[in-house]
Amino acid sequence: MDTNTITKLITTIAIAAIPIIGAYVSKVILGNKQVVNLIQVLSPLAKDAVVAMQKLGVTEFLEGEAKKSGAVKIVTAALAALGFSDANETLIKNAVEKEYALLINELDQTYPQITEEQAKAQEQAAQQQSELAKADELAKAQQALADAQAKVSALQN
């Protein structure tokens, strides 16, 4: 074999390999583009989910883990709606934790959380108010009954 034939053989193999290499490179680039898009979308979604769970903590007693899992569910559902159905749950949890760490001071000032004692006190106050309303309604009904009995007695005489 002479060098001219070897050169032609190498050139032919290289020309045949270019489409294969190009397809592989484009696949890698598209895969990375999806990851970049996921990362760009993940941060705002995680921030919104953390704020939503913190707002919920104003009216309901929620522990930290309940808020975190709620935020993860919100982000997972939002990503699925955007077409990122195979997003890594660990990545989502880390994004939620990161956003919470960045926002904790603002969130505590804006949305002060209810404690377990406060939740119990609110429940007791609501129960007492309900009992007072029932007692008031009973007193009104008894007064109406007394008035009706007095009217009946007056009509019988």
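## The annotated coiled-coil region

UniProt, in an unreviewed entry, places a "coiled-coil region" at residues 104-138. In this predicted model, the chain over residues 104-138 is 86% helix and 0% strand. The C-alpha atoms at the two ends of that stretch lie 48 Å apart.

## Overall shape

Stepping back to the whole chain, the protein has four helices and zero strands, and its elements run α-α-α-α from the N terminus on. The radius of gyration is 35 Å, well over the 15 Å that the globule rule gives for 157 residues, so the protein is more spread out than a compact globule. Along the principal axes, the C-alpha atoms fill a box of roughly 140 × 40 × 20 Å.

Of the 157 residues, 15% are buried. The protein exposes about 11,900 Å², with carbon and sulfur atoms supplying 60% of that area. Among contacts between residues at least 6 apart in sequence, 72% join residues at least 24 apart.

## The nonpolar core

Where does the largest nonpolar core draw its residues from? It has 17 residues, and the elements giving two or more of them are α1 (3-59), α2 (64-81) and α3 (89-110). Helix α1 provides the largest share, seven residues. Those with the most contacts inside the core are L42, A46, A71, V75, L79, I92 and V96.

A46 makes a handy place to start looking. Leaving aside neighbours within four places in sequence, A46 is in contact with V75, A95, V96 and E99.

## Along helix α3

The buried residues of α3 include I92, A95, V96, E99, L103 and L107. An α-helix has 3.6 residues a turn, so residues three or four places apart point the same way. One of the buried positions, L103, is also the centre of a kink of about 65° in α3.

T90, also in helix α3, makes a useful contrast. Is T90 buried or partly exposed? T90 is partly exposed, because its relative accessible area is 47% and the partly exposed class runs between 20% and 50%. The C-alpha atoms of T90 and I20 are separated by 34 Å, with their positions 70 residues apart along the chain.

## A buried glutamine

Q54 is found in helix α1. This glutamine counts as buried because its relative accessible area is 1%, under the 20% cut-off. Which residues are in contact with Q54, leaving aside its neighbours within four places in sequence? They are K67, Y100, L107, D108, Y111 and Q113. Among these contacts, L107 is itself one of the buried residues of α3.

Methods
Residues are numbered from 1 along each chain as its sequence is written. This is a predicted model: local features need pLDDT of at least 70, side-chain atom pairs count only at pLDDT 80 or more; totals for chains, interfaces and linings use all residues. Side-chain values use heavy atoms; hydrogens and water are left out. A nonpolar core is a set of buried Ala, Val, Leu, Ile, Met, Phe, Trp, Tyr and Cys residues joined through side-chain atoms within 4.5 Å. Buried means under 20% relative accessible area, exposed over 50%, partly exposed in between (1.4 Å probe, protein chains only). Contact means heavy atoms within 4.5 Å. The bend at a residue is the angle between axes fitted to the seven residues ending there and the seven starting there. UniProt positions are given in the numbering used here, feature names are shortened, and annotations may be inferred rather than shown by experiment. The radius of gyration is taken over C-alpha atoms; the globule rule is 2.2 Å times the number of residues to the power 0.38. Accessible areas come from the Shrake-Rupley method with a 1.4 Å probe; for residues, only the protein chains shown count as cover.
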